Amino acid sequence: KVEKTETLESFLNKNKKLNIIFGDINTKNSIIDTNRFKNLPICILIGPEGDFSETEREIILKLKNIQPFKLNKNILRSETAAITAISIINHYLDL
């Protein structure tokens, strides 16, 4: 089933209780803090082709539950970035 599309701000506002790992090529952070995941669902936020706009990045990075994470040194296709993020998170969580 295809869900109705919504704006980024709407999605973030509705999911304030999630831990969001933000695949951000612009961050220097390459470590995921798994202590933040205790008893909370995890959401992986991957940008669209062409990346998020600077305004969207500012909105995302203002959230308390955000953890920016550099997936790769190069820009990845959205599909590849999602698979890469899941693999890295599974490694950190030792699933």
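How many helices and how many strands does the secondary structure of the protein chain come to? Colour the chain by secondary structure, and you will find three helices and three strands, where helices (H or I, at least four residues) and strands (E, at least two) are DSSP runs numbered from the N terminus. What you have open is a predicted model, in which local features need pLDDT of at least 70 and side-chain atom pairs count only at pLDDT 80 or more, while totals for chains, interfaces and linings use all residues. Residues are numbered from 1 along each chain as its sequence is written, and side-chain values use heavy atoms, with hydrogens and water left out.

**The whole chain**

Followed along the sequence, the protein chain has the pattern α-β-β-α-β-α. Its radius of gyration is 13 Å, close to the 12 Å that the globule rule gives for 95 residues, so the chain is as compact as a globular protein of that length; the radius is taken over C-alpha atoms, and the rule is 2.2 Å times the number of residues to the power 0.38. Show the C-alpha trace alone and turn it: along its principal axes it spans about 35 × 30 × 30 Å. Of the 95 residues, 32% count as buried, where buried means under 20% relative accessible area, exposed over 50%, and partly exposed in between, with a 1.4 Å probe and protein chains only. Contacts, meaning heavy atoms within 4.5 Å, are often between distant parts of the sequence: among those with a separation of 6 or more, residues 24 or more positions apart account for 74%.

**The nonpolar cores**

Next, select L8, L12, L18, I20, F22, C43, L45, F52, I60 and I66, the 10 residues of the largest nonpolar core. Such a core is a set of buried Ala, Val, Leu, Ile, Met, Phe, Trp, Tyr and Cys residues joined through side-chain atoms within 4.5 Å. Helix 1 (8–14), strand 1 (19–23) and strand 2 (42–45) are the elements that each give two or more residues to this core. Centre the view on I60, which, leaving out residues up to four places away in sequence, touches L8, L12, F22, L45, F52 and I66. A second, separate core has nine residues, including I32, L71, I88 and I89.

From I60, look across to S10, which is found in helix 1 and counts as partly exposed at 27% relative accessibility. S10 and I60 are 50 residues apart in sequence, and their C-alpha atoms are 12 Å apart in space.

**The salt bridges**

Side chains of opposite charge can pair when their charged atoms come close. A salt bridge is counted here when a side-chain nitrogen of Lys or Arg lies within 4 Å of a carboxyl oxygen of Asp or Glu, and a search of the whole structure finds four. Select D24 and R57, whose side chains meet in a salt bridge at 2.7 Å, N to O. D24 lies in the loop between strand 1 and strand 2 and R57 in helix 2 (residues 54–61), so this pair ties together parts that are 33 residues apart in sequence.

Now add E54, which forms a salt bridge with R57, the closest N and O atoms being 3.3 Å apart. Both E54 and R57 lie in helix 2, three residues apart, about one turn of the helix. E54 is partly exposed, with a relative accessible area of 48%, whereas R57 is buried, at 9%.

Another stop is R77 with E79, whose side chains meet at 3.6 Å, N to O. R77 counts as exposed at 53% relative accessibility, and E79 as partly exposed at 46%. Returning to D24, E54 and R57, you can see these three joined into one network by salt bridges that share partners.

**A loop residue**

Which residues is I25 in contact with, leaving aside its neighbours within four places in sequence? I25, in the loop between strand 1 and strand 2, is in contact with D51, K70, N72, K73, N74 and I75. I25 counts as partly exposed at 24% relative accessibility. For a distance to draw, I25 and E6 are 19 residues apart in sequence and 24 Å apart in space, C-alpha to C-alpha.
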